[in-house]
Amino acid sequence: MTAGGHAIAVAGAEDRGDLLPLMRAYCDFYEVDPSDAALVEMSRALIADPAREGVQVIARDEAGAAVGFATVFWLWSTLSASRVGLMNDLYVAPGARGSGLADALIEACRDRCAEHGATTLTWQTAKDNHRAQAVYDRIGGERSEWVDYALEVAR
């Protein structure tokens, strides 16, 4: 898939080295610090078993430099009795922002959902990430009224 001079493809093993700096920048944006080893392991699991785990898509500019990525994990929803794609990550490098790449990455995730039989693509963003919210509103995303909770699992 191409969009505005960017090529978007499902990430493969050959992309892991280019994904890591993008994933690190995404984590830095949200002020979290998982280890590089853990990020690489996540990519490795997605690449090894996309049918069960999910997929990462990577965007490259005309020169071949990696400038964005998105991650979709597969879930099931009892409320719709169907498979759902959770776009857990969406990141566009600063130099590529405003180019329509975020829209194209979301569409690539939507396409992967259709291929996998998912009926819905869902995602969330921080309450103060207004730039992302503007993209999501523009593409027709519907805001949810659900309240998110998290509970750490003891190790």
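The exercises below, each with a worked solution, concern a predicted model.

**Exercise 1.** Determine how helix α1 and helix α2 are oriented to each other, and which residues make the contact.

*Solution.*
Step 1. Locate the two helices: α1 covers residues 16-29 and α2 covers residues 36-48.
Step 2. Take the geometry. The helices pack at an angle of about 125°, and their axes are 10 Å apart.
Step 3. Classify the angle. Angles over 145 degrees count as roughly antiparallel and 65 to 115 as roughly perpendicular, with the rest between these ranges oblique. Therefore α1 and α2 are oblique to each other.
Step 4. Give the handedness: the crossing of α1 past α2 is right-handed.
Step 5. List the contact. From α1 come R16, L19, L20, M23, R24 and C27, and from α2 come D36, L39, V40, M42, S43, R44 and I47.
Step 6. Sort these residues by class: the contact has 8 nonpolar, 1 polar and 4 charged residues.

**Exercise 2.** Decide whether R44 is buried, partly exposed or exposed.

*Solution.*
Step 1. Place the residue: R44 belongs to helix α2.
Step 2. Recall the cut-offs: buried means under 20% relative accessible area, and exposed means over 50%.
Step 3. Apply them. The relative accessibility of R44 is 37%, so R44 counts as partly exposed.
Step 4. Add a distance. R44 and C109 are 65 residues apart along the chain, and their C-alpha atoms are separated by 18 Å.

**Exercise 3.** Describe the largest nonpolar core and the contacts of I8.

*Solution.*
Step 1. Start with the members. The core has 37 residues, of which I8, V72, M87, L90, L101 and L105 touch the most other members.
Step 2. Name the elements that give two or more residues: α1, β3 (54-60), β4 (66-77), β5 (82-92), α3 (101-116) and α4 (130-138).
Step 3. Find the largest share: α3 supplies it, with 8 residues.
Step 4. Look at I8. Leaving out residues up to four places away in sequence, I8 touches M1, V57, I58, A59, L101, A104, L105 and A108.
Step 5. Relate this to a general tendency: in soluble globular proteins, nonpolar side chains tend to be buried together.

**Exercise 4.** Repeat the analysis of packing for α3 and α4.

*Solution.*
Step 1. Take the geometry: the angle is about 60°, and the axes are 10 Å apart.
Step 2. Classify the angle: α3 is therefore oblique to α4.
Step 3. Give the handedness: α3 passes α4 in a right-handed crossing.
Step 4. List the contact: A102, D103 and I106 of α3 meet V135, Y136 and R138 of α4.
Step 5. Sort by class: 4 residues are nonpolar, none is polar and 2 are charged.

Terms used. Residues are numbered from 1 along each chain as its sequence is written. This is a predicted model: local features need pLDDT of at least 70, side-chain atom pairs count only at pLDDT 80 or more; totals for chains, interfaces and linings use all residues. Side-chain values use heavy atoms; hydrogens and water are left out. Axes are lines fitted to C-alpha atoms, for helices over the stretch in contact, and angles run from 0 to 180 degrees between N-to-C directions. Helices (H or I, at least four residues) and strands (E, at least two) are DSSP runs, numbered from the N terminus. Angles under 35 degrees count as roughly parallel, over 145 as roughly antiparallel, 65 to 115 as roughly perpendicular and the rest as oblique. A crossing is left-handed if the near helix is turned anticlockwise from the far one by less than a right angle, and right-handed if clockwise. Contact means heavy atoms within 4.5 Å. Ala, Val, Leu, Ile, Met, Phe, Trp, Tyr, Cys and Pro count as nonpolar, Asp, Glu, Lys and Arg as charged, and the others, Gly among them, as polar. A nonpolar core is a set of buried Ala, Val, Leu, Ile, Met, Phe, Trp, Tyr and Cys residues joined through side-chain atoms within 4.5 Å. Buried means under 20% relative accessible area, exposed over 50%, partly exposed in between (1.4 Å probe, protein chains only).
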